[in-house]
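Student: I would like to work through this structure with you step by step, beginning with the whole protein and then turning to its parts. Could we look at it together?

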Amino acid sequence: MAVSSALCIISLLALVQAQSESQQPKVQLRLAGDKRKHHEGRLEVFYNNEWGTVCDDDFSIEAAHVACRELGFLGAVAWSPSAKFGQGEGRIWLDNVHCTGREKSLAECPSNGFGVSDCRHSEDVGVICNQKRIPGHRFINTMNNNVETLEERVEEIRIRPISSHLKRIPVTEGYVEIKERGKWRQICDEEWTPLNSRVICGMYGFPGEKNYNNKVYKSLSMRKKKNYWGFSVNCTGNEAHLSSCRLGKPLEPKWNGTCGRGLPVVVSCVPGRAFAPSSSTGFRKAYRPEQPLVRLRGGSNIGEGRVEVLKNGVWGTVCDDNWNLRAATVVCRELGFGSAKEALTGAKLGQGMGPVHMNEVECSGFEKSLTDCYFNNDALGCSHEEDAAVRCNIPAMGFQKRIRLSGGRNPYEGRVEVLTEKNGSLVWGTVCSENWGMIEAMVVCRQLGLGFASHTFQETWYWAGDASADNVVMSGVRCSGTEMSLLQCLHHGKHINCPKGGARFAAGVSCSDTAPDLVLNAQLVEQTTYLEDRPMYALQCALEENCLSSTAKKNDHSSYRRLLRFSSQIHNVGQSDFRPKLGYHAWTWHECHRHYHSIEVFTHYDLMSLNGTKVAEGHKASFCLEDTQCDEGIQKRYVCANFGEQGITVGCWDTYRHDIDCQWIDITDVKPGDYIFQVVINPNYDVAESDYTNNVLKCKCRYDGYRIWTYQCHTGGSRSSDMDEYPGMSNQLHFR
C-alpha cells in the first residue's frame, strides 16, 4: 500500500512538473549595445512580440550563467549593472530575478513577473559570457533581424508572372502583389522607386534588378480589373524584406480602379549565374561561386555558410564584431544570391582556419564586394570562435517538389524517391543504390532543405515506402557534392541499369541539422616530420596491418625500412561530434596491436612526385578515435580504454604521435628529389562532414637520401590555388 502511495505521489509530481514546463512562457534572448564583443552586451528579452530589458536588482552571476547558456555559451564570466552597455528601450520585462544557475531558461527563474518592475533603463543589466560555445548548440532564431515593421498586416508578397513567363524557373519578372485580408492586391507604381524593386528582388534571391518592357504590361493592365493596396512604400534599398520598409502616404483609389497616372508595379530581377531561368526543370550545371574574393563554407544549404575572404593568396575569416545584415547582404549579392536572411555571429556555422582577415566591417549596403567595405585590419583579440556567417535568400527553384523521403521514422530519414517524366506523365520512383554514397546523400539532404547527410543506406527493406514508387527511375548516380538537385548529378539518363533493382535495395538517407568538420594541424605536421631507419623484426605488427610498402614482404628480419614519421593532430571544428560509421558489433579486433579498428581506413598518407604520381604510400586505420585534448571549458567524451566509446567531440582533437605504429610513410624505395607529401582524412567519406575541402593537407618536401626537409604545409582550401582541390569531388566518374 505504501509503495502504491509513493508511486501516486511521484506520478503527481511528474504531472505537475510537466504542466509547469508546458505553461512556461517562451522567450528569446539577445545581447545588445554599442562597442561590444559578440559574447557580451545588454541582456534583452523577447516576450509577447516585444523586445525589452532586465533590471539589475537582485541579479546574480547564477542568473548570468543561465542567460549565457541559453544564448549558446558555456557560461558567464561576469555581469554588469547600471546600463554599462547603454540604456535599452521599450519595456523592462524582468525585475528581481533569482536563479539557482540550474535553470534551462531565464524564464524559469523566479521574478516579479513579466512586465512588473519599478526600474528605469539606467538599471539595465549586462552580461559577459564565456567565449566558448556549447558544442553542437542549436540557436533557433524565431525573430527577423528587422527593426521597423509595417503597421499594416501583410500576409504574403509575390511576384506574379504574366502568361509568357509562367513556365520559367525561377520566376524573375512579374507584378508585385500583396496579400491583405486573404486577397491579392497590386501596388500602385506612382511612388515606386528602383530601391523598392531592389528589395523585392533581394527577398526572392536575386542580386539585382533591371528594366523591363513596359509596353507589354501597360497593355495588359488596361484590359484587367485592378485591386490596389492602399499604401505606397519607401525603401532605402538595404531592407531584407518589404515589411521592413517605411509606409508611404495612403493612396486614394480612383472611381475607375486606377491610381492617378500610375499602373501596377512590375519588377524584373537579375538572377545569379547558378539560377539562370530555363523553360525546363532539369538543370544540368552544379553551383559554382561567381566571385573568387569571397566564399561561403560550412553551410548545409546553398547560400549559407561561414564568410571567408581571399587576401594575399590565403583564405581567412571575418570577425563578427559589428557584423550585421547590411554587411551580410553585400556578401550574398556578391555571390549571386539575394539579400541576407540572417547575419550570424559566434561561429554558428562552424569555425574556420588560418588568419582572420577582416574585423569591424562597416558597409553602406551598395558595395560590389565585401572587400570594398570599410574594415579594421587589426583583428587582435578575434578568434575563430567569432567567425561571421550568413544565410542568404535564394530563388525558389522547385527542387524540393521533385524529391521525397518515404517510410522513415521521422521526416529526416527514409527511402529516396524522385519525380521523373515517363511516357509523358510524372511518376515517383526509387534510386538505384549501387555505389550510393555520402556525397550523393549530401545532395539529397540539401535539396530537401534538411541539412547534412548523417548516414547512407543501400538497403531500405525496413522502410515501408510507397509501393507504387518501387520501380527504379534513376541509376548510376555520381555527384560532385556541389549540386543543388540530384538530377544535376551524373546518372544513366533514360537507360536504367540497376541489377539489384529498387524496392528493398533502393537508396536511402538520414539527414541531420549539424555535422562534424575535421581539420589537420598543418603546423604540427611540418614541425614533427623526420626520418627513422627501423629493423624489420620490430615492424611485424605494422607489416600485418599493411602499413609498409609491398617490397617489405620480401625482406628478411635483419633488413631495415626507412620511415617518414610525423605527428597528426586532428581537430573537430564542426557543430556535432565525429563518430565512427560502424557500431561496436562491426569493429575489428587486431590481436597484434591489441586494439579495435572502428573505421577500416581513417587517413591516407602519400608521397607524390611534383606531377602528382604516387611514389610511396601509407594508411592509418582508425584503431582509436578519442579526445586527446579539448579547448578550455569542454569536457572529453570519448576514450578508447576498456572498449570505450570512440569519436572526437566538437572543440576537441585526437593526436596520433609520431612514435606510434603506422604513423609514417615507408620511403625505403624512394629516390632523392623534390616531392609532395599529402595526408587525407576520412578519404572514403565514410562519415559525413560539413566541409570536405579541408580534409587534405599538403607539404612540399626535399629528400637528399639521408635527410628530409618539409615546408609550406597547408590544408586544402586555405589558398587560392587549391580552392576546390580535394579527391573525389569532381564531375569525373570514379570509383571509391
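Student: How much of the area that the protein exposes do carbon and sulfur atoms supply?

Tutor: We should keep in mind from the start that this is a predicted model. The protein exposes about 35,100 Å² in total. Of that area, the share supplied by carbon and sulfur atoms is 50%.

Student: What percentage of the residues count as buried?

Tutor: The protein has 736 residues, and its secondary structure comes to 8 helices and 40 strands. A residue is called buried when its relative accessible area is under 20%. By that cut-off, the buried part of the 736 residues is 52%.

Student: Which element gives the largest share of the largest nonpolar core?

Tutor: This core holds 32 residues, and among those that touch the most other members are Val307, Trp323 and Val361. The elements giving two or more residues to the core include strand 15 (304-311), helix 5 (325-334) and strand 18 (356-362). The largest share is 6 residues, and the element that gives them is helix 5.

Student: Leaving aside its neighbours within four places in sequence, which residues is Val361 in contact with?

Tutor: Val361 is one of the core residues that touch the most other members, as are Val318, Trp323 and Leu370. Those three also appear among the contacts of Val361 once its neighbours within four places in sequence are left aside. The full list is Val318, Asp321, Asn322, Trp323, Ala327, Leu370, Cys373, Tyr374 and Phe375.

Student: Do strand 23 and strand 25 pair in the parallel or the antiparallel sense, and which residue of strand 25 stands opposite Val431?

Tutor: Strand 23 (residues 425-431) pairs with strand 22 (residues 413-422) in the antiparallel sense over 6 bridges, and there Val418 stands opposite Gly429. With strand 25 (residues 472-474), strand 23 pairs over 2 bridges, in the parallel sense. In strand 25, the residue opposite Val431 is Met474.

Student: Which residue takes a positive phi in the hairpin of strand 22 and strand 23?

Tutor: This hairpin has 2 residues between the strands. The positive phi is near 55°, and the residue that takes it is Asn423.

Student: Why does Gln447 count as buried?

Tutor: Gln447 is found in helix 6 (residues 438-448), and, leaving aside its neighbours within four places in sequence, its contacts include Phe399, Ile403 and Leu486. The cut-off for buried is under 20% relative accessible area. Gln447 counts as buried because its relative accessibility is 5%.

Conventions: Residues are numbered from 1 along each chain as its sequence is written. This is a predicted model: local features need pLDDT of at least 70, side-chain atom pairs count only at pLDDT 80 or more; totals for chains, interfaces and linings use all residues. Side-chain values use heavy atoms; hydrogens and water are left out. Helices (H or I, at least four residues) and strands (E, at least two) are DSSP runs, numbered from the N terminus. Buried means under 20% relative accessible area, exposed over 50%, partly exposed in between (1.4 Å probe, protein chains only). Contact means heavy atoms within 4.5 Å. A nonpolar core is a set of buried Ala, Val, Leu, Ile, Met, Phe, Trp, Tyr and Cys residues joined through side-chain atoms within 4.5 Å. Two strands pair if DSSP finds at least two bridges between them. Accessible areas come from the Shrake-Rupley method with a 1.4 Å probe; for residues, only the protein chains shown count as cover.
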